[in-house]
Amino acid sequence: MTTTKQILVIGGAGYIGSACVARLSAEGHRVTVFDNLSSGKRDAVSEDAAFIEGDIRDAQALDTAFAQSVPNVVIHLAAGKSVEEGEHNPEKYFSINVVGTINVLEAVAKHDVPHLIFSSTAAVYQPHATGVYSEEDAMEPLSVYGTTKLIAEMLINECVRTQKLTTATIFRYFNVAGDAGLRFKEEKAANLFPLIAQAVREGRGATVFGDDYETTDGTGVRDYIHINDIVEAHVHSINEPLHGTFNLGMNQGHSVLEVIKAFAAALGYDVPYVVQPRRAGDAGTAIADVEKMHTASAWRATHTLADMVTSTLETYGAKN
Ligand code: WQD
C-alpha cells in the first residue's frame, strides 16, 4: 500500500494533467488541481479531486492554493506548449513558463513542499547527428518554448542546490500521444496524432511537413510515448521519489509516414496525405535514450504505437 499523499497538480485540467489526476485519485491520494482552464477542461478533472481555478502568473492565487491544499508533492504541468505559438509570442511564453514557474518555486519554498515533479521536454536539447538524446547531451533549444523549459529546469536545480527544495523530478517528455480514457480532445490540437485523426474524420488528407530529412523515408522521426506510460512515470515518482532529470520515451523512433501507415492499419483503409515544406524549428529525428529512468526505477513504457493510434481515433471521432 502506498502512503497517501496530498498532491497539488498545477495544470491538472489539461491533457496530461487530467490523466495524472484521475490515476492518483484512484490510488487514494488526496489531489487538488490548480488550473486557469485556458486549455484545460473542468469536466476532465476527477470528481474525487478538489479544484481551484487560478493562473500561475497570479502569485497570490497560487499561495492560497498551497495554503489550502498543504501538499507533500507538487506536480507542475501548467505551461504554454506550442513550439509555433512560442515563436510568434515569446513574451507570453516567458510570462507563463518562466515567471509562472518562479511563482510556483516561491510557493514551494514558502510552504516547505519537499517534492516537485516538473514536466519538461525533449525540445531543450541541441539537435545532433544521431537524433538519440541522453540527459547529458548538450542543451541549446531551437525554440522559445524549449528555452523557457530549460530556464525553468535551471531554476528548479538552483532551488535544490540552495536547499529550498529537497527532491526534484524533472521529466523530459518526448512525444506524448494517445488517450488515457478521458477522451480528452484538444481544441487547438497542433500535434501529429490529433491532426491526422481530425483529417480522417473530416475526410481530407493528412499533412506531411517535409520529406527531405536525413531519415529512412525523408519524413520526421519522433519517439512517441503513450500518455498512460507518462502518467505511470509520475505515479512511480510519487510512490518512490525520483531525484534528477529523466527522459520519458520508448527509445524507438517512428517517421511521419510510418505513423500515417499505422492509422491506415487501424482504419482498414489508406490515409491520403500531402507533402508540405518543413515546419520552422523542426528537427529530423528525436529519440529518447531512457536508460537513466530504467536504471533509477522499475518503470517501463508498455503501450504500443497501435494503442496510441486507436485511442486517438476514438477520441477524435474518427473511429467508433
Ligand atoms: C511530430 C512530427 C512534424 C504535424 C512538439 C514539442 C514537444 C511536445 C510535442 C509539448 C514532426 C510532423 C506534425 C502534421 C507532420 N510539446 N508533423 N504533420 O514538433 O515533435 O514536438 O510537440 O510537450 O515538446 O517540441 O511534435 O506532433 O508537432 O510533430 O508532418 O500535421 O510530425 O514535422 O516531425 P514535435 P508534433
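**Group meeting: the ligand shell and its surroundings**

Let me begin with one contact in the ligand site, where a backbone N or O atom of phenylalanine 209 lies 2.9 Å from an oxygen atom of the ligand, a polar contact in the sense of a pair of N or O atoms within 3.5 Å. I should say at once that this is a predicted model, in which local features need pLDDT of at least 70 and side-chain atom pairs count only at pLDDT 80 or more, while totals for chains, interfaces and linings use all residues. Residues are numbered from 1 along each chain as its sequence is written, and side-chain values use heavy atoms, with hydrogens and water left out.

Two side chains also approach oxygen atoms of the ligand: an N or O atom of threonine 121 is 2.5 Å from one, and an N or O atom of arginine 279 is 2.8 Å from one. On its own the ligand has 700 Å² of accessible area, and the protein covers 89% of that, the areas coming from the Shrake-Rupley method with a 1.4 Å probe.

Which residues come nearest to the ligand? Of the 18 around it, they are Thr121, Thr207, Arg222, Arg279 and Asp282, where being near requires a heavy atom within 4 Å. The shell divides into nine nonpolar, five polar and four charged residues, with Gly counted as polar and Tyr, Cys and Pro among the nonpolar. Helix H6 (192-201) and strand S9 (206-209) each supply at least two shell residues, and S9 gives the largest share, three residues; helices here are DSSP runs of at least four residues (H or I) and strands of at least two (E).

Turning to the domains, whose bounds come from an automatic or database assignment, the chain is divided into domain 1 (6-176 + 224-248) and domain 2 (178-222 + 251-315). Their centres, taken over C-alpha atoms, are separated by 23 Å, and the contact takes 36 residues from domain 1 and 38 from domain 2, contact meaning heavy atoms within 4.5 Å. The ligand shell draws at least three residues from each domain.

Finally, is histidine 254, in strand S13, buried or exposed? Histidine 254 counts as buried because its relative accessibility is 18%, and buried means under 20% (1.4 Å probe, protein chains only). Beyond its neighbours within four places in sequence, histidine 254 is in contact with Gly220, Val221, Arg222, Tyr224, Val259 and Leu305. Leu305 is one of the buried residues of helix H10 (residues 305-315), and the buried residues of H10 pack against several elements, including S13 and H6.

Conventions
Polar contact = N/O pair within 3.5 Å; in protein donor to acceptor, adjacent residues only side chain to side chain. Buried < 20%, exposed > 50% of the residue type's maximum accessible area, 1.4 Å probe, protein only.
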